[in-house]
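Welcome! Take a moment to turn the model around and get a feel for it before reading on.

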Amino acid sequence: MNERLTIFGSGNWGLALADQASRSMAQVMVYVRRRELQQFLTTRRQHPDYLRHLTFSSQVSFTNDLEEAARFSPYWVLAVPSQHMRDIGQRLEPWTPVARYAVSAAKGLEVGTDRRMTEVLRECWHGAKVELGVLSGPNLAGEISQGQPAASVLAGSPALFKSMANILGQGNLRLYGQRDIVGVELGGAFKNILAIAVGIAVESGLGDNAQAAIMTRGLHEMGRLAVRMGARWETLAGLSGLGDVVATSNSPSSRNRWFGQELAKGRSVDAILGSTPMVVEGVPTAYAARDLGQKFGLPVPITTEVVEIFNGKSVKLAVEALMSRQRVEESDR
Ligand SMILES: NC(=O)C1=CN([C@@H]2O[C@H](COP(=O)(O)OP(=O)(O)OC[C@H]3O[C@@H](n4cnc5c(N)ncnc54)[C@H](O)[C@@H]3O)[C@@H](O)[C@H]2O)C=CC1
Ligand SMILES: O=C(CO)COP(=O)(O)O
């Protein structure tokens with residue numbers, strides 16, 4: 001394959017995707033923000049800390065030059081944390097005429113604006129012709145980078161899906177098309193909040209029944225909110241919703257679940273976030289989802305209690321608040 005792909009972001013996900021694309025024989029360039037890291041990756045072909053089993057093939061190159069990365073290919077994947085999407089979007093704006101497709105691989109909402117990532121990019125690239133898409137599903141980077149089988153959703157136009165799935169969806173990553181960008185994007189963002197809640201439950205010894213209740217009822221409250229924001233209910237029951245809730249909530253390698261566990265040990269949000277270089281998307285997204293629930297007048301009880309626990313509420317009191325809510329119909333949307 002002679003296709004070329006640029007990936008912006010050299011964290012766990014950007015690197016796993018770079019390796020994945022290179023396995024389909026695409027030429028891949030990764031934009032690396034820190035110059036020392038770019039040099040390390042270029043010479044050693046490995047990341048010093050992340051996915052250390054990976055040795056990048058010669059098809060993957062690394063650059064610290066944003067213009068070089070942008071001009072490398074008309075196919076872009078943005079794999080930076082959600083709170084940095086506007087920054088990279090704004091800096092890429094001069095080169096949008098080069099881009100044909102840009103896929104967000106981030107799973108979160110922007111704090112302050114509550115915007116989805118494709119909304120953020122659309123604002124940054126106002127008037128540009130680049131078509132936007134979203135990649136989201138149960139895809140822990142560690143497993144993808146070891147070639148373990150996985151499925152995911154690549155939302156966007158059929159033309160975007162055809163081109164991008166050819167590069168990213170070979171071998172052990174099976175990609176499904178979707179037209180519901182809003183649903184795919186929100187499913188991926190919201191599931192991180194539920195993984196935090198499950199982490200809290202695991203650490204607090206609340207039991208398997210409680211974990212199942214959090215996942216199921218959490219998905220319900222997220223689905224209701226997502227539908228209000230323009231998503232299809234069925235999308236949230238798919239890979240980028242139910243699928244990712246299951247993967248992330250159950251996986252000991254999930255950063256969001258780990259964060260919930262640390263929180264339940266009594267550590268503060270700042271202390272936990274300060275102890276890892278990695279992004280925990282469920283934290284900013286929980287605030288955004290709580291605000292969106294208020295804005296639309298929709299109950300988001302699990303999310304609300306997660307935010308309360310961020311602010312110091314005990315798990316015991318949060319559980320009591322959830323258990324004493326007024327009874328409702330299960331399917332009440
Ligand atoms: N790690 C995983 O298993 C998966 C992660 N994701 C999503 O992908 C996104 C990125 O996550 P990870 O790669 O895991 O994060 P990470 O914490 O491993 O690394 C984030 C990377 O983004 C870079 N970055 C931050 N701000 C930047 C900026 N302004 N410009 C350029 N680069 C910048 C950092 O230098 C770092 O290399 C998140 O939204 C996450 O939810 C999605 C699927 C799987
Ligand atoms: O999105 C992911 C898996 O699909 C990664 O989850 P964590 O960010 O919790 O590690």
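How many of the ten residues of α12 are buried? Keep in mind that this is a predicted model. Ten of the ten residues of α12 are buried, so this helix is largely enclosed by the rest of the structure.

**A helix wrapped in helices**

You can follow α12 from Arg255 to Ala264, with Trp258, Phe259 and Leu263 among its buried residues. Charged residues are on that buried list as well, including Arg257 and Glu262. The buried residues of α12 pack against α8, α11 (239-250), α13 (269-274), α14 (282-296), α15 (301-310) and α16 (315-323). After the helix comes glycine 266, which has a positive phi, near 100°.

**Two residues from the binding-site annotation**

An unreviewed UniProt entry carries the annotation "binding site" for a set of residues that includes Trp13, Tyr50, Ala141 and Arg255. Let's look at two of them.

Is arginine 255 buried or exposed? Arginine 255 is buried because 21 other C-beta atoms lie within 10 Å, and the cut-off for buried is 20 or more. This residue belongs to helix α12 (residues 255-264). Leaving out residues up to four places away in sequence, arginine 255 touches Met278 and Val280.

Tyrosine 50 sits in the loop between α2 (35-44) and β3 (60-63). With 19 other C-beta atoms within 10 Å, tyrosine 50 is partly exposed. Its contacts, again without residues up to four places away in sequence, are Gly11, Asn12 and Leu15.

**The surroundings of the two ligands**

Here are the two ligand shells side by side.

| Ligand | Residues around it | Nearest residues | Classes in the shell |
|---|---|---|---|
| Ligand 1 | 26 residues | Gly11, Trp13, His84, Ala106 and Ala141 | 13 nonpolar, nine polar and four charged residues |
| Ligand 2 | 13 residues | Asn139, Leu140, Ser254, Arg255 and Asn256 | four nonpolar, five polar and four charged residues |

Which helix gives the most to the shell around ligand 2? That is α11, with three residues. The helices α8, α11 and α12 each supply at least two residues of this shell. Around ligand 1, the largest share, three residues, comes from α1. Both α1 (12-23) and α4 (85-92) supply at least two residues there.

Where does ligand 1 lie with respect to the domains? Domain 1 (4-179) and domain 2 (182-323) both give residues to the shell around ligand 1, so ligand 1 lies between them. Ligand 2 also lies between domain 1 and domain 2, because both give residues to its shell.

**The nonpolar core**

Now look for the largest nonpolar core, which has 101 residues. Those with the most contacts inside this core are Leu17, Leu78, Ala79, Met164 and Ala197. Helix α8 (residues 181-203) brings the largest share, 15 residues. Domain 1 and domain 2 both give residues to this core, so the core lies between them.

What is leucine 78 in contact with, apart from neighbours within four places in sequence? Its partners are Phe8, Gly9, Met85, Ile88, Ala102, Ser104, Ala105 and Ala106.

**An annotated stretch**

Finally, the unreviewed UniProt entry places the feature "domain: Glycerol-3-phosphate dehydrogenase NAD-dependent N-terminal" at residues 5-155. Over residues 5-155 the chain is 32% helix and 22% strand. The end C-alpha atoms of this stretch are 17 Å apart.

Methods:
Residues numbered from 1 in each chain as written. Chains lettered and ligands numbered in written order. Predicted model: local features only at pLDDT ≥ 70, side-chain atom pairs only at ≥ 80, totals over all residues. Core = buried A, V, L, I, M, F, W, Y, C linked by C-beta atoms within 7 Å. Buried ≥ 20, exposed ≤ 12 C-beta atoms within 10 Å, placed from the backbone. Helix = DSSP H or I, 4+ residues; strand = E, 2+ residues; numbered from the N terminus. Domains from an automatic or database assignment. Contact = placed C-beta atoms within 7 Å. UniProt positions renumbered as here; feature names shortened; annotations may be inferred. Near = placed C-beta within 6 Å. Nonpolar A, V, L, I, M, F, W, Y, C, P; charged D, E, K, R; others polar.
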